[in-house]
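Work through the exercises below with the model open. Each task is followed by a solution in steps.

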Amino acid sequence: MSGAPDLVRLRPTRGTVLIGILAGVLGFALAVQVRSQQETDVFPAARQEDLVRILDDLSAREDRLRLEIDELERTRDRLSGDVGQESVALDEARRRAEMLGILAGTLPAAGPGLRLTIEDPAGTVTAEVLLDAIQELRDAGAEAMMLNGVRIVASSHLVREGRGVALDGTTLTAPYRFTVVGESQTLAEAMGIPGGVVDVVASLADARVVVDPRPRVVVDALRQLRPPVYARPSER
Amino acid sequence: MIPAVALAIGVALGLLVQPSVPIALQPYLPIAVVAALDAVFGGVRAMLDGIFDDRVFVVSFVSNAVVAAVMVFVGDQLGVGGQLSTAVIVVLGIRIFQNLAAIRRHLFRA
């Protein structure tokens, strides 16, 4: 019954030898197990249910990551779509700004057109004649016009002034040189119709008109835009 | 003294030889080791209590290890191996704690 004195005395009985063997086996198994835990891959040793659990975890994670990928891709598409739309909108706005600039006379314009020169040494050409010429040029599709270096726009007005005329406050004298951008053939024909500008000017004493269609003319006179004081954009 | 030396020899042997655990035994070896540890602590406690017995120790050591491994094996066959090995570890852990508490009381009187 007194095991402790036996062990202490180191007398190798059968019991102590057996205990020693067991302790050795335990140490051996301990070392082996610890080492195998550190070194071997866990999957070959794992139970089927553990493997199934690991697989479930992995597929759940895969699903989550897939959802994340989808979401990120949608975000990416949306953002790149936004960029595309923005640049299209910007291009459109720029195009409109150019169009309106030509219309309002704030941008120079170039293109096919004609030069129309009215020589009037006797001063018989009146503002009305010039106004008629402008109207007929507009009717024939003139897109940008200038007269002796003054841009003609929608609000332009002509007033008789001494021997010449005043266009928007600038005094002009003969010869009157129109530079017009538009379909040159149509413009030239419009000038030549019976009762048109050429006819009228030819009927005046000493006055002479020269119509000169050109493949390219430049209307580079500009006009300062005055912001409207009363008018505001309105939704119908 | 002899068991401690034998334990050290066993550990050294395991580290030197570096045998690989057969795959069939891999789920059971750790459980058996924990069960044997429980038996060892129980033996130390019995020694300190003055009731140590070679035969009891040998039988409890072997039967502890074998029963623990067999329980896990049966659990594996029934499809509850994971849970059953957890249960065995928990029970053995509790016993190891109790034995260690008794040893501590003997050694430190606290």
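The exercises cover the contact between the chains and then helix packing in one chain; the model is predicted.

**Exercise 1.** Describe the side of chain A that touches chain B.

*Solution.*
- Start with the count. In chain A, 30 residues are in contact with 38 residues of chain B.
- Assign elements. Those giving two or more residues to this side of chain A are α1 (3–9), α2 (14–39), α3 (42–45) and α4 (48–104).
- Rank them. α2(A) gives the most, with 20 residues.
- Sort by class. This side of chain A has 18 nonpolar, 8 polar and 4 charged residues.

**Exercise 2.** How are α2(B) and α3(B) oriented to each other?

*Solution.*
- Take the axes. Helix α2 (residues 29–49) and helix α3 (residues 54–78) of chain B come within 8 Å and cross at roughly 155°.
- Apply the cut-off. Angles over 145 degrees count as roughly antiparallel, so α2(B) and α3(B) are roughly antiparallel.
- Add the hand. Their crossing is right-handed.
- Find the residues. Among those that meet are Ile31(B), Ala35(B) and Asp38(B) in α2(B), and Phe57(B), Phe61(B) and Val72(B) in α3(B).
- Sort by class. The contact of α2(B) with α3(B) has 11 nonpolar, 4 polar and 1 charged residues.

**Exercise 3.** Analyse the packing of α3(B) with α4(B).

*Solution.*
- Take the axes. α3(B) and helix α4 (residues 81–108) of chain B come within 7 Å and cross at roughly 155°.
- Classify. α3(B) and α4(B) are therefore roughly antiparallel.
- Add the hand. This crossing of α3(B) and α4(B) is right-handed.
- Find the residues. α3(B) contributes Ala68(B), Met71(B), Val72(B), Gly75(B) and Asp76(B). α4(B) contributes Gly81(B), Leu84(B), Ser85(B), Val88(B) and Leu92(B).
- Sort by class. The contact of α3(B) with α4(B) has 6 nonpolar, 3 polar and 1 charged residues.

Note on methods. Residues are numbered from 1 along each chain as its sequence is written. Chains are lettered from A and ligands numbered from 1 in the order in which they are written. This is a predicted model: local features need pLDDT of at least 70, side-chain atom pairs count only at pLDDT 80 or more; totals for chains, interfaces and linings use all residues. Two residues are in contact if their C-beta atoms, placed from the backbone, lie within 7 Å. Helices (H or I, at least four residues) and strands (E, at least two) are DSSP runs, numbered from the N terminus. Ala, Val, Leu, Ile, Met, Phe, Trp, Tyr, Cys and Pro count as nonpolar, Asp, Glu, Lys and Arg as charged, and the others, Gly among them, as polar. Axes are lines fitted to C-alpha atoms, for helices over the stretch in contact, and angles run from 0 to 180 degrees between N-to-C directions. Angles under 35 degrees count as roughly parallel, over 145 as roughly antiparallel, 65 to 115 as roughly perpendicular and the rest as oblique. A crossing is left-handed if the near helix is turned anticlockwise from the far one by less than a right angle, and right-handed if clockwise.
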